[in-house]
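Work through the exercises below with the sequence and the structure open. Each task is followed by a solution in steps.

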Amino acid sequence: MSDQPYASVVIPCLNEAAHIGACLDALASQQGAEPGFEVLVVDGGSDDGTREILGRRTETDRWLRVLDNPERITPVAMNMGIDAANADVVIILGAHAEVAPDFVRRNLEALRAHPESACVGGVVEQVHGDELSRRIGLALSSPFGVGDARFRTGGVAGHVDTVAFGAYRKVVLDELSGFDAALVRNQDDELNFRLTETGWRIWFDPRIRSTYHARSTYGQLFRQYRQYGFWKVFVNKKHLTVTTWRQLAPAAMLLGTAVLVILSCAHGAFPNAAPFLTLALPALATLWGMWILGALIAVALAGIPLKDVLGVMRTFFVLHMAYGWGYCEGIWRLVLMRRAPSADFKSLTR
């Protein structure tokens, strides 16, 4: 890396008129990011007014460039931005995000302080537009909801297996050939897995901060995490390994529930068929009793207000069932049936 702060921020974009202005305003306010700071918005043919906003901004903001992404696929946009970037550090950012004034500077400082790390990142705080999205955000910030993803839950600085909105050494991105263009979801997780497999590390610094507008409905959240679960199987199949064991928990919960329900129904229909079937219903009650206990402990440790408990627990349920359902669909379609992802899983769920 050079001695001067020098970074290219790449933003995949499609119909983000409601958010792209605030995203660019936050980047325009960066402290100590000159010289060489640039932002590349890679647009997939927006038709909601986003292009007009970008056009006006390019007339006044010399650090902003707009690229066209006719394929309208997120990892393709990321790779286009990386290829066009002039800096030796590339930060991948979402159009729904707004970064802290020292975001770029702290990323660059972390990369200098940790030469063993090819990527650094920090905390992504959820922004809540209403009560429902606020409760969704509380669940997404809980280890019970999303596992030990420190970029969501916070924590002490240290090496991790992945971050969101990562700042990468461009030379490493070039060596790894960028993001996998076949992945609609989990592109950053898959890239970070390849990165660590080659011997590089990923550093988490809680002083690197940004905000992100949370999903506002349970339906949107379910579709998003169903896709996350499905594409995680795609990644596992590609690398012939389970990248993180925590990803198996929702699918195991869902499959365990299905098996125990079937066994309980079988016992009800044929009470004398097999004595062990009497254990199915108590086992089912125990399984979900443990889940409820875990959820209650999580909300208690987080100090979540009583008025929000049911909403947060409902979000936990949606997160786990959606991810588990998608993971099971991925195993069935990609592994057992050896089929390609359907159009439903290729469409983005914004």
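The exercises cover confidence, a cavity, a helix, several single residues and two backbone angles in a predicted model.

**Exercise 1. Find where confidence is lowest and where it is highest in the protein chain.**

Start with the whole chain: the mean pLDDT is 88, and 93% of the residues score at least 70. Then go through the elements. Helix 14 (residues 343-346) has the lowest confidence, with a mean of 56. Strand 8 (residues 167-169) has the highest, at 97.

**Exercise 2. Describe the largest cavity by its volume, its lining residues and their classes.**

Step one is the count: one cavity reaches 30 Å³ or more. Its volume is about 30 Å³.

Step two is the lining. The residues are Phe103, Asn107, Gly121, Gly122, Val123, Val124, Ala164, Phe165, Ile208 and Ser210. Two or more of these come from each of helix 4 (103-113), strand 6 (117-127) and strand 9 (201-213). Strand 6 provides the largest share, four residues.

Step three is the class of each residue. Six are nonpolar, four are polar and none is charged.

**Exercise 3. Determine which residues of helix 4 are buried and what covers them.**

Apply the cut-off first: a residue is buried if its relative accessible area is under 20%. In helix 4 the buried residues are Phe103, Val104, Arg106, Asn107, Leu108, Ala110 and Leu111. Next, compare with the cavity: Phe103 and Asn107 also belong to its lining.

Spacing along a helix is useful here. An α-helix has 3.6 residues a turn, so residues three or four places apart point the same way.

Last, look at the cover. Over the buried residues of helix 4 lie, among others, strand 4 (89-92), strand 5 (97-99), strand 6, strand 8 and strand 9.

**Exercise 4. Place Asn79, Asn186 and Thr217, then classify each as buried, partly exposed or exposed.**

Asn79 sits in helix 3 (residues 74-84). Its relative accessibility is 16%, so Asn79 is buried. Beyond its neighbours within four places in sequence, Asn79 contacts Gly178 and Phe179.

Asn186 is in the loop between helix 8 (170-175) and helix 9 (187-197). Asn186 counts as buried because its relative accessible area is 6%. Leaving out residues up to four places away in sequence, Asn186 touches Tyr228, Trp231, Lys232 and Val235. For Tyr228 there is a further detail: its backbone oxygen is 2.9 Å from a polar atom of the Asn186 side chain.

Thr217 lies in the loop between strand 9 and helix 10 (218-239). With a relative accessibility of 32%, Thr217 is partly exposed. Apart from residues up to four places away in sequence, Thr217 touches Leu132 and Ile136. A distance check can be added: Thr217 and Thr315 are 98 residues apart in sequence, and their C-alpha atoms are 9.9 Å apart.

**Exercise 5. Which values of phi do Asn15 and Arg338 have, and how exposed are Asn15 and Arg338?**

Begin with the general expectation. Most residues other than glycine have a negative phi.

Asn15 has a positive phi, near 55°. Asn15 is in the loop between strand 1 (8-13) and helix 1 (20-28), and its relative accessibility of 30% makes it partly exposed.

Arg338 has a positive phi, near 55°. Arg338 is in the loop between helix 13 (309-336) and helix 14. Its relative accessible area is 69%, so Arg338 is exposed.

Notes
Residues are numbered from 1 along each chain as its sequence is written. This is a predicted model: local features need pLDDT of at least 70, side-chain atom pairs count only at pLDDT 80 or more; totals for chains, interfaces and linings use all residues. Side-chain values use heavy atoms; hydrogens and water are left out. On a 1 Å grid over the protein atoms alone, a cavity is a set of points where a 1.4 Å probe fits but cannot get out, and a pocket is an open set with protein on both sides within 12 Å along at least five of seven lines; lining residues have an atom within 4 Å of a point. Grid points are joined across faces, edges and corners, and a volume is the space filled by probe spheres set on the points. Ala, Val, Leu, Ile, Met, Phe, Trp, Tyr, Cys and Pro count as nonpolar, Asp, Glu, Lys and Arg as charged, and the others, Gly among them, as polar. Buried means under 20% relative accessible area, exposed over 50%, partly exposed in between (1.4 Å probe, protein chains only). Contact means heavy atoms within 4.5 Å. A polar contact is a pair of N or O atoms within 3.5 Å; within protein, one must be able to donate a hydrogen and the other to accept it, and residues adjacent in sequence count only if both atoms are side-chain atoms. pLDDT is the predictor's confidence in each residue, from 0 to 100.
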